[in-house]
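Biologist: I would like to learn how to read a structure like this one. Could you walk me through it?

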Amino acid sequence: MGSTKPYEISRHLLFEAYKRVKANGGGSGIDNVSLKDFEENYKDNLYKIWNRMSSGSYFPPAVKLVEIPKNGGGKRPLGIPTVGDRIAQMAAVLVISPELEQIFHADSYGYRVGRSAHDAVGKARERCFRYDWVLDMDISRFFDTIAHDLLKKAVERHVTEKWILLYIDRWLKVPYQLSDGSRQERTMGVPQGSVIGPVLANLFLHYAFDKWMDITHPATPFERYADDTVCHCRSREEAERLRDKVSERMKECGLSLNLEKTRIVYCKDGLRKEDHDEISFTFLGYEFRPRKAKVKGRKSFTGFLPAVSSKAKKKMNEAIRSWQLHRHAGSTMKQIAWKINPIVRGWITYYGKYYGSALKSYLVHLNHRLAGWVCSKHKRFRGRRWSAYYWLGEIAAKNPGLFFHWQWGVT
């Protein structure tokens with residue numbers, strides 16, 4: 001490090017950030033430089049980033065704006081920084097994350113080391129056994145409407161490194177670049193898709209919600225994963241009062257609680273006999289509702305339990321249809337398995353954690369799609385899909401490891 005640099009930034013920090021960004025993958029930004037392109041001359045590329053950041057002359061490029069479909073319809077804006085800028089952001093994240101981890105709430109699960117969506121779902125499941133009501137919150141356009149002035153106050157409270165404060169200010173102001181090349185200036189929000197955005201969003205909600213809940217509603221537990229939040233209440237009246245108070249709090253912080261999508265839900269099970277219209281909610285891709293369950297050695301009962309949601313199954317079905325397996329008659333079964341196994345493994349790993357039987361019964365649908373592929377490939381099965389289905393069952397019995405969902409018992 002040169003002594004003339006106003007900011008002392010370790011070159012090792014930049015290299016560690018590069019390794020993290022490379023492991024996370026992702027596409028190119030507005031410069032069309034991919035991770036592979038960057039890697040070809042990574043030492044010089046890292047030196048340029050370090051040199052500019054250390055001298056204070058680093059200005060982040062515009063963020064490429066793309067739109068991706070939302071589960072509930074419509075589109076969500078996704079900002080993609082350049083590879084170099086993702087590395088610069090990661091360097092800042094690596095420095096500030098340990099400090100922020102010490103102050104983050106125990107019931108905040110999103111984007112944190114050692115915590116996962118499964119942990120949040122599991123805790124919600126546990127608390128639904130003990131609390132009769134849930135407030136299922138929805139914040140309108142959260143990432144797009146974060147107030148920069150309030151966010152910077154929170155950052156300055158915990159971040160002392162001047163170079164990080166400088167570049168966070170620049171990252172917050174960097175414009176979007178649209179597909180037609182035009183620029184869209186930004187005065188609020190953090191880009192979804194950025195490296196530092198999730199950390200900043202977590203810090204904002206730590207003060208806007210988590211800390212506020214501890215002070216004003218200390219007896220009301222909640223689970224929060226980014227802006228996806230559920231609160232547990234003992235009565236409908238308590239949930240209604242909390243909804244109104246949270247709505248006021250969000251306004252104070254420049255946010256808006258979407259009252260049309262925010263719902264109050266009764267956690268109906270075999271012991272809760274009241275009748276209410278709202279008896280289900282979806283949290284992190286899992287739908288909580290009354291379901292039959294059984295504990296070994298005991299009679300079956302009705303519990304308020306999470307399982308793969310209808311929206312998640314619809315999304316999986318769209319993916320399966322997009323594969324158009326019937327058009328791959330020229331491929332071998334091993335080639336088909338190689339193509340779809342990584343995706344199916346991801347589904348099972350995530351949605352099979354709780355009430356896996358619901359996912360198993362759904363994935364039988366995939367076997368029917370594979371039977372359609374068999375009919376396209378082998379003339380003797382044309383028009384005989386059920387015969388093809390049973391033939392696949394014989395293959396599965398001999399080679400259960402061929403398809404990942406077969407290994408999971410879906411045959």
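Biologist: What percentage of the residues of the chain count as buried?

Modeller: Keep in mind as we go that this is a predicted model. A residue is called buried when its relative accessible area is under 20%. Here 48% of the 411 residues count as buried.

Biologist: And which secondary structure elements does the chain have, helices or strands?

Modeller: Both: there are 14 helices and 11 strands. The C-alpha atoms fill a box of roughly 75 × 60 × 40 Å along the principal axes.

Biologist: What percentage of the contacts join residues at least 24 apart?

Modeller: Start from the contacts between residues at least 6 apart in sequence; 67% of these join residues at least 24 apart. For a single pair, look at Thr-4 and Ser-54: they are 50 residues apart in sequence, yet their C-alpha atoms are 9.4 Å apart in space.

Biologist: Where does Thr-4 lie?

Modeller: Thr-4 belongs to the segment before helix H1, which spans 11-24. Thr-4 counts as exposed, because its relative accessibility is 71% and the cut-off for exposed is over 50%.

Biologist: Now the interior. Which residues touch the most other members in the largest nonpolar core?

Modeller: Think of a nonpolar core as buried nonpolar residues joined through their side-chain atoms. The largest one has 65 residues, and those touching the most other members are Met-53, Ile-87, Phe-142, Trp-163 and Phe-209. Helix H8, residues 197-216, gives the most to this core, with 10 residues. Apart from this core lies another of 53 residues, including Tyr-286, Ala-312, Ile-348 and Phe-403.

Biologist: Which residues does Phe-209 touch?

Modeller: Leaving out residues up to four places away in sequence, Phe-209 touches Met-137, Phe-222, Arg-224, Thr-229, Cys-231, Val-246 and Met-250.

Biologist: I see a cysteine there. How many disulfides does the structure hold?

Modeller: Zero. To call a disulfide, we want two cysteine sulfur atoms within 2.5 Å. For Cys-253, the nearest cysteine sulfur is that of Cys-231, 14 Å away.

Biologist: Is Cys-253 buried or exposed?

Modeller: Cys-253 is buried, because its relative accessible area is 7%. Cys-375 is buried too, with a value of 11%.

Biologist: Last, the surface and the charges. How many positive and negative side chains does the chain have?

Modeller: There are 69 positive and 44 negative side chains, and the centres of these two sets lie 10 Å apart. As for the surface, the chain exposes about 21,200 Å², with carbon and sulfur atoms supplying 49% of it.

Definitions and conventions: Residues are numbered from 1 along each chain as its sequence is written. This is a predicted model: local features need pLDDT of at least 70, side-chain atom pairs count only at pLDDT 80 or more; totals for chains, interfaces and linings use all residues. Side-chain values use heavy atoms; hydrogens and water are left out. Helices (H or I, at least four residues) and strands (E, at least two) are DSSP runs, numbered from the N terminus. Buried means under 20% relative accessible area, exposed over 50%, partly exposed in between (1.4 Å probe, protein chains only). Contact means heavy atoms within 4.5 Å. Accessible areas come from the Shrake-Rupley method with a 1.4 Å probe; for residues, only the protein chains shown count as cover. Lys and Arg count as positive and Asp and Glu as negative; His and the chain ends are not counted. The place of a charge is taken as NZ of Lys, CZ of Arg, CG of Asp or CD of Glu. A nonpolar core is a set of buried Ala, Val, Leu, Ile, Met, Phe, Trp, Tyr and Cys residues joined through side-chain atoms within 4.5 Å.
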